[in-house]
Amino acid sequence: MISVGLRLGVDNYYHYFEQFGLKQRTGIDLPGEAGTIMHKKEDMGNVELATVAFGQSFQITAIQLLTTASSIINGGNRITPHFGIEALNRDGEGEETFSYPVQTGIVSEETSATMRYILEMVVAEGSGRNGQVQGFRVGGKTATSEIQPEYDSDGKVLDTEDRYTASFIGVAPMDDPQIAVLVAIND
């Protein structure tokens with residue numbers, strides 16, 4: 001991944017971060033959504049680019065991760081995540097149907113189909129085997145990231161133990177994805 005990142009270069013890497021919507025909030029209908037913490041483009045050298053390429057030294061939220069993964073497998077459409085679909089009156093009749101922005105062209109349909117196949121193989125034959133569900137075609141991606149150490153006010157490291165977050169994104173059914181789930185185990 002470091003080689004890929006260095007071949008892409010800072011400008012292209014930033015372009016993809018923006019294309020996937022990772023430099024902005026998702027717009028989910030909840031207050032207080034956090035944004036991405038990322039190196040400033042002008043401050044990114046080869047070391048920063050290398051660590052970003054394998055998924056470290058930047059922070060995105062769980063909802064950003066799930067929204068981006070969904071856009072990669074659903075044909076390339078970045079759908080604004082939401083909780084509300086419709087407002088009903090006391091009689092259970094629809095009063096208002098909510099609409100949410102959709103950004104198309106995140107990836108091509110061909111790339112999306114390739115990614116669905118790859119993610120299905122992760123579950124069928126790879127590190128995501130525990131994501132298998134009898135009778136369903138499931139795809140997924142495992143990940144492990146280091147938790148950054150905490151520091152006191154003098155800059156001394158408070159803990160020296162290696163700490164990690166393990167996560168898994170599961171998607172089903174892979175022939176027509178309808179459900180995406182993110183499971184994360186912190187430390």
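The following questions and answers go through a predicted model, from its sheet to its cores and salt bridges.

Visitor: What is the strand order of the open sheet of 3 strands?
Guide: The pairing in this sheet is antiparallel. Its edge strands are β5 (139-146) and β7 (179-186), each of which pairs on one side only. Neighbouring strands are turned by 15 degrees against each other on average, direction ignored. The order is β5-β6-β7.

Visitor: Which residue in β6 stands opposite Glu146?
Guide: Strand β6 covers residues 164-172 and pairs with β5 in the antiparallel sense over 8 bridges. The residue in β6 that faces Glu146 is Tyr164.

Visitor: What angle does the direction of helix α3 make with that of β7?
Guide: Helix α3 (residues 62-73) packs on the sheet, where it touches β6 and β7. Its direction and that of β7 make an angle of about 145 degrees.

Visitor: At what angle does α4 run to β5?
Guide: Helix α4 consists of residues 109-125. It lies across β5 and β6. Relative to β5, α4 runs at about 80 degrees.

Visitor: Is Arg116 buried or exposed?
Guide: Arg116 has its place in helix α4. Leaving aside residues up to four places away in sequence, it touches Ile73, Asn74, Gly75, Glu109, Met174 and Pro177. Because its relative accessibility is 16% and the limit for this class is under 20%, Arg116 counts as buried.

Visitor: Which element gives the most residues to the largest nonpolar core?
Guide: This core has 15 residues, and those touching the most other members are Tyr13, Phe17, Phe20, Met38, Met44 and Val52. Two or more residues come from each of α1 (2-19) and α2 (46-53). The top contributor, with 4 residues, is α1.

Visitor: How many residues are in the other core, the one that includes Ile73 and Leu119?
Guide: This core lies apart from the largest one. Val171 and Met174 are also among its members. The number of residues is 6.

Visitor: How many residues apart are Asp11 and Lys41, which meet in a salt bridge?
Guide: Their side chains meet at 3.2 Å, N to O. Asp11 is exposed at 52% relative accessibility, and Lys41 is partly exposed at 37%. Asp11 sits in helix α1 and Lys41 in the loop between α1 and α2, so that the pair links distant parts of the chain, 30 residues apart.

Visitor: Which residue forms a salt bridge with Glu120?
Guide: Glu120, in helix α4, has its partner in the loop between α4 and β5, 17 residues apart. Glu120 is buried, with a relative accessible area of 14%, whereas the partner counts as partly exposed at 41%. The closest N and O atoms are 2.9 Å apart, and the partner is Arg137.

Visitor: Which member of the salt bridge between Asp187 and Arg163 is buried?
Guide: The two side chains meet at 3.2 Å, N to O. Asp187 lies in the segment after β7 and Arg163 in the loop between β5 and β6, so the pair ties together parts 24 residues apart in sequence. Asp187 counts as exposed because its relative accessibility is 57%. With a relative accessible area of 18%, the buried member is Arg163.

Visitor: How many salt bridges are found in the whole structure?
Guide: Asp11 with Lys41 is one of them, and Glu120 with Arg137 is another. The search of the whole structure gives 4.

Note on methods
Residues numbered from 1 in each chain as written. Predicted model: local features only at pLDDT ≥ 70, side-chain atom pairs only at ≥ 80, totals over all residues. Heavy atoms only, no water. Buried < 20%, exposed > 50% of the residue type's maximum accessible area, 1.4 Å probe, protein only. Contact = heavy atoms within 4.5 Å. Pairing = 2+ DSSP bridges. Axes fitted to C-alpha atoms, helices over the stretch in contact; angles between N-to-C directions. Core = buried A, V, L, I, M, F, W, Y, C linked by side-chain atoms within 4.5 Å.
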